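Hi everyone, thanks for coming. I'd like to walk you through one structure today, going helix by helix. Have a look at it first, and then we'll start.

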Amino acid sequence: MTAGAVETPYAGLATRTLAFAVDAAVINATAVVVGAVIALCVSVLHLPSDIRHALVAIGGAAYVVWCVAYFVVFWSTAEQTPGDRVMRVRVLATRAGDGALKPRQALLRFVALVLAAIPLLAGIWMMLWDSRRRGLHDRMAHTVVVFEPRR
């Protein structure tokens, strides 16, 4: 560490972006494998085009549900996603004992993350100026992202 640098327990933009990239890779790799298996199974069947279009719509909806469930389940059960684990950070509630998020709180955080990204990532950039490195989604869900203690 350089002279004058202050160490903080809160994870910043770079660490959280790398964790999100790992999560995106896991989500998309899983979706590609599942999609390929389903496409292979459907290709064997001779289905009308209307049913194929319906299957595409169902697949899109399943992808959205998969993305939401991935983050909500990991945040509310393990306090971290696989990407967070790689980067050694945890998502903690700032209310109710500073522990794991409740599922409703994790869902709120996910929805707020999407909203924070819409206006040119303005709700995410704000973590650069926050003392606890919180984005709009962290403020709305009353969460902080902290580094895991060294073992």
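Let's begin with a contact between two helices. On the α1 side we have Phe20, Asp23, Val26, Ile27, Asn28, Thr30, Ala31 and Val42, and they meet Arg52, Leu55, Tyr63, Trp66, Cys67, Tyr70 and Phe71 of α2. Sort those residues by class and you get 11 nonpolar, 2 polar and 2 charged.

Before I go on, please keep in mind that this is a predicted model.

So how do these two helices lie against each other? The angle between α1 and α2 is about 150 degrees, and their axes are 11 Å apart. Angles over 145 degrees count as roughly antiparallel, so α1 is roughly antiparallel to α2. As for handedness, α1 passes α2 in a right-handed crossing.

Now α1 by itself. How far should its 32 residues span? At 1.5 Å a residue, α1, which covers residues 13-44, should span 46 Å, and its end C-alpha atoms are indeed 46 Å apart, so the two agree. Which residues of α1 are buried? Those are Leu13, Thr15, Arg16, Ala19, Asp23, Ile27 and Val42. Look at the spacing in part of that list, with Ala19, Asp23 and Ile27 in it. Here's a handy bit of background: an α-helix has 3.6 residues a turn, so residues three or four places apart point the same way. Asp23, Ile27 and Val42 turn up among the buried residues of α1, and they also belong to the contact with α2.

On to α2, residues 49-77. It has 29 residues and reaches 41 Å from its first C-alpha to its last, close to the 42 Å expected at 1.5 Å a residue. Buried in α2 are Cys67, Tyr70, Phe71, Val72, Trp75 and Ser76. And what do the buried residues of α2 pack against? The partners are α1, α3 at 82-87, β1 at 89-93, and α4.

That last partner deserves a stop. Helix α4 runs over residues 103-117, and it packs with α2 at an angle of about 130 degrees, the axes being 9 Å apart. That makes α2 oblique to α4. The crossing of α2 and α4 is right-handed. Who makes the contact? From α2 it's Cys67, Val68, Phe71, Val72, Trp75 and Ser76, and from α4 it's Pro103, Ala106, Leu107, Arg109 and Phe110. By class, that contact has 9 nonpolar residues, 1 polar and 1 charged. If Cys67 and Phe71 sound familiar, they should: both were on the α2 side of the contact with α1 as well.

What about α4 on its own? It has 15 residues and reaches 21 Å from its first C-alpha to its last, close to the 21 Å expected. Its buried residues are Gln105, Ala106, Arg109, Phe110, Ala112, Leu113 and Ala116. Those pack against α1, α2, β1, α5, α6 and β2, the last being residues 143-147.

Next, some backbone angles. As background, most residues other than glycine have a negative phi. Here are three with a positive one. Glutamate 79 comes after α2, and its phi is near 65 degrees. Leucine 121 also has a phi near 65 degrees; you'll find leucine 121 in the loop between α4 and α5, and at 36% relative accessibility it counts as partly exposed. Arginine 133 has a phi near 55 degrees. Arginine 133 sits in the loop between α5 and α6, partly exposed with a relative accessible area of 30%.

Let's finish with distances along the chain and in space. Leucine 128 is in the loop between α5 and α6, partly exposed at 47% relative accessibility. How many residues lie between leucine 128 and leucine 13 in chain distance, and how far apart are they in space? They're 115 residues apart along the chain, and their C-alpha atoms are separated by 7.0 Å.

Now take histidine 46, in the loop between α1 and α2. Is histidine 46 buried or exposed? Its relative accessible area is 78%, so it's exposed. Histidine 46 and valine 114 are 68 residues apart in sequence and 39 Å apart in space, C-alpha to C-alpha.

Last one: arginine 151, in the segment after β2, is exposed at 91% relative accessibility. From arginine 151 to cysteine 67 it's 84 residues in sequence and 31 Å in space, C-alpha to C-alpha.

Okay, that's my tour. Thanks for listening!

Methods
Residues are numbered from 1 along each chain as its sequence is written. This is a predicted model: local features need pLDDT of at least 70, side-chain atom pairs count only at pLDDT 80 or more; totals for chains, interfaces and linings use all residues. Side-chain values use heavy atoms; hydrogens and water are left out. Axes are lines fitted to C-alpha atoms, for helices over the stretch in contact, and angles run from 0 to 180 degrees between N-to-C directions. Helices (H or I, at least four residues) and strands (E, at least two) are DSSP runs, numbered from the N terminus. Angles under 35 degrees count as roughly parallel, over 145 as roughly antiparallel, 65 to 115 as roughly perpendicular and the rest as oblique. A crossing is left-handed if the near helix is turned anticlockwise from the far one by less than a right angle, and right-handed if clockwise. Contact means heavy atoms within 4.5 Å. Ala, Val, Leu, Ile, Met, Phe, Trp, Tyr, Cys and Pro count as nonpolar, Asp, Glu, Lys and Arg as charged, and the others, Gly among them, as polar. The expected span of a helix is 1.5 Å times one less than its number of residues. Buried means under 20% relative accessible area, exposed over 50%, partly exposed in between (1.4 Å probe, protein chains only).
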